[in-house]
Amino acid sequence: QVQLRESGGGLVQAGGSLKLACVDSRRTFRNNAVGWFRQAPGKEREFLATISWNGGSTLYADSVKGRFTVSRDRIKNTVFLQMESLKPEDTALYFCASSRRPIGSMRGSDYNNWGQGTQVTVSS
């Protein structure tokens, strides 16, 4: 069982930046794609970005393309989400998840292990 833990969330002003990290404590997601999702109160979970097992392929939602960058360090077993130009509408609980496959997708159902989330709050 993959054990994922997100960190790096917090309170930031609009226009600011944050870098989230997702660590796999059991070092088992190195051969799987990892995705980032978020969920705001009263809204459905939203796909943000995914990165393939070797970091060679990425995919972004239109809502964050050009502002967010996903990367991974396979030696440290960590996946990052660099977020720039943050907006109040980016406020949500952010999750990372490990896919069943080496190449990720936008579908939450393709991901079978999820972290507990880290809160990001962007003030106007």
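## Surface, core and selected residues of an all-strand chain

The accessible surface of the chain comes to about 6,500 Å², and carbon and sulfur atoms hold 47% of that area. The model is predicted. Buried residues account for 45% of the 124 residues in the chain.

**Overall fold.** The chain has 0 helices and 11 strands. Read from the N terminus, the order of elements is β-β-β-β-β-β-β-β-β-β-β. The radius of gyration is 13 Å, close to the 14 Å that the globule rule gives for 124 residues, so the chain is as compact as a globular protein of that length. The C-alpha trace spans about 40 × 25 × 25 Å along its principal axes.

Among contacts with a separation of 6 or more, 57% join residues 24 or more positions apart. As for charge, the chain carries 17 positive and 10 negative charges, and the mean positions of these two sets are 7 Å apart.

**Nonpolar core.** The largest nonpolar core has 30 residues. The members that touch the most other members are Trp 36, Phe 68, Val 70, Val 79, Leu 81, Met 83 and Tyr 94. At least two residues of this core come from each of strands S3 (18-24), S4 (34-39), S5 (46-51), S7 (68-73), S8 (78-83), S9 (92-99) and S11 (118-123).

**Four residues compared by place and exposure.** The table lists two strand residues and two loop residues, with the relative accessible area of each.

| Residue | Place | Relative accessible area | Class |
|---|---|---|---|
| Ser 71 | strand S7 | 29% | partly exposed |
| Asn 77 | loop between S7 and S8 | 2% | buried |
| Ser 85 | loop between S8 and S9 | 41% | partly exposed |
| Leu 93 | strand S9 | 26% | partly exposed |

**Strand residues.** Ser 71 belongs to strand S7. With a relative accessible area of 29%, Ser 71 lies between the 20% limit for buried and the 50% limit for exposed, and is therefore classed as partly exposed. Leaving aside residues up to four places away in sequence, Ser 71 touches Ile 51, Thr 78, Val 79 and Phe 80. One of these, Val 79, is also among the core residues that touch the most other members. The C-alpha atoms of Ser 71 and Ala 49 are 9.8 Å apart, with the two positions 22 residues apart in sequence numbering.

Leu 93 sits in strand S9. Its relative accessible area is 26%, which makes Leu 93 partly exposed. Beyond residues up to four places away in sequence, Leu 93 touches Phe 37, Arg 38 and Gln 39, and also Gln 116, Gly 117, Thr 118 and Gln 119. Leu 93 and Tyr 111 are 18 residues apart in sequence, and their C-alpha atoms are 17 Å apart in space.

**Loop residues with positive phi.** Most residues other than glycine have a negative phi. Asn 77 has a positive phi, near 55°. This residue is in the loop between S7 and S8, and with a relative accessible area of 2% Asn 77 is buried. Ser 85 also has a positive phi, near 50°. Ser 85 lies in the loop between S8 and S9 and is partly exposed, with a relative accessible area of 41%.

Notes. Residues numbered from 1 in each chain as written. Predicted model: local features only at pLDDT ≥ 70, side-chain atom pairs only at ≥ 80, totals over all residues. Heavy atoms only, no water. Helix = DSSP H or I, 4+ residues; strand = E, 2+ residues; numbered from the N terminus. Rg over C-alpha atoms; globule rule 2.2 N^0.38 Å. Buried < 20%, exposed > 50% of the residue type's maximum accessible area, 1.4 Å probe, protein only. Contact = heavy atoms within 4.5 Å. Areas by Shrake-Rupley, 256 points an atom, 1.4 Å probe, with all protein chains shown as cover. Lys, Arg positive; Asp, Glu negative; His and termini not counted. Charge placed at Lys NZ, Arg CZ, Asp CG, Glu CD. Core = buried A, V, L, I, M, F, W, Y, C linked by side-chain atoms within 4.5 Å.
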